[in-house]
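Student: I'd like a close look at one part of this chain, with enough of the surroundings to place it. Could you walk me through it in one go?

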Amino acid sequence: MISAASVPKLAKKARLRFDRHQGQHMLLYPERGLLLSASAAAIAERCDGTRTVAEIARQLAAMSEGASAERIEHDVVEFLEDLAGRGLLDLPEQP
């Protein structure tokens, strides 16, 4: 389960790349690729194992206008749960 205190990191098999033909970021993993929206790419870029989900949401809330921090955190958790379900996210054990 992903919580605000989770510290997500992209799995070693996943790489975030910008596809200049599509003009969008892609998350590449063995024999597959996931085209990301700008919001999803902003979340994935921050999944480096140094930030909590709450910190990621706070950073994104500071960059957006009109969206509440709670709504953004909900969206971040939902996206990260999708990545975790695909095996594209490492979530170290929390103390």
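Student: How are helix 1 and helix 3 oriented to each other, roughly parallel or roughly perpendicular?

Tutor: Before anything else, keep in mind that this is a predicted model. The short reply is that helix 1 and helix 3 are roughly perpendicular to each other. Helix 1 covers residues 38–45 and helix 3 covers residues 69–85, and their axes cross at roughly 75°. That angle falls in the 65 to 115 degree window, so the pair counts as roughly perpendicular. At the crossing, the two axes come within 11 Å.

Now for the side chains and who touches whom. From helix 1, the residues involved are Ala-40, Ile-43 and Ala-44, and they meet Val-76, Phe-79 and Leu-80 of helix 3. Those helix 1 residues also turn up in the list of its buried residues, which reads Ala-40, Ala-41, Ala-42, Ile-43 and Ala-44. Helix 3 is one of several partners for that buried set: it also packs against strand 1 (9–10), strand 2, strand 3 and helix 2 (53–63).

Two of those partners, strand 2 and strand 3, lead us into the sheet. It is an open sheet of three strands in the order 2-3-4, with antiparallel pairing. Strand 2 (15–19) and strand 4 are the edge strands, each pairing on one side only. On average, neighbouring strands here are turned by 35° against each other, ignoring direction. Strand 2 and strand 3 run antiparallel and are joined by five bridges, and Leu-16 stands opposite Leu-27 of strand 3. These strands also form a hairpin with four residues between them, where Gly-23 takes a positive phi near 70°.

Stay on strand 3 for a moment, since Tyr-29 sits there. Is Tyr-29 buried or exposed? It is buried, because its relative accessible area is 14% and the cut-off for buried is under 20%. Leaving aside neighbours within four places in sequence, Tyr-29 is in contact with Lys-13, Ala-14, Leu-34, Arg-86 and Leu-88. There is a long-range link to look at here too: the C-alpha atoms of Tyr-29 and Gly-87 are 9.7 Å apart, with their positions 58 residues apart along the chain.

Next comes the loop between strand 3 (24–29) and strand 4 (32–35), which holds Glu-31. Glu-31 has a positive phi of about 65°, although it is not a glycine. With 85% relative accessibility, Glu-31 counts as exposed, because exposed means over 50%.

Finally, zoom out to the whole chain. It has three helices and five strands, and along the sequence they follow the pattern β-β-β-β-α-α-α-β. The radius of gyration is 13 Å, close to the 12 Å that the globule rule gives for 95 residues, so the chain is as compact as a globular protein of that length. Its C-alpha trace spans about 35 × 35 × 20 Å along the principal axes. Buried residues account for 36% of the 95 residues. As for contacts between residues at least 6 apart in sequence, 55% join residues at least 24 apart. The exposed area is about 6100 Å², with carbon and sulfur atoms supplying 49% of it.

Key
Residues numbered from 1 in each chain as written. Predicted model: local features only at pLDDT ≥ 70, side-chain atom pairs only at ≥ 80, totals over all residues. Heavy atoms only, no water. Helix = DSSP H or I, 4+ residues; strand = E, 2+ residues; numbered from the N terminus. Buried < 20%, exposed > 50% of the residue type's maximum accessible area, 1.4 Å probe, protein only. Pairing = 2+ DSSP bridges. Axes fitted to C-alpha atoms, helices over the stretch in contact; angles between N-to-C directions. Rg over C-alpha atoms; globule rule 2.2 N^0.38 Å. Contact = heavy atoms within 4.5 Å. Areas by Shrake-Rupley, 256 points an atom, 1.4 Å probe, with all protein chains shown as cover. Parallel < 35°, antiparallel > 145°, perpendicular 65-115°, else oblique.
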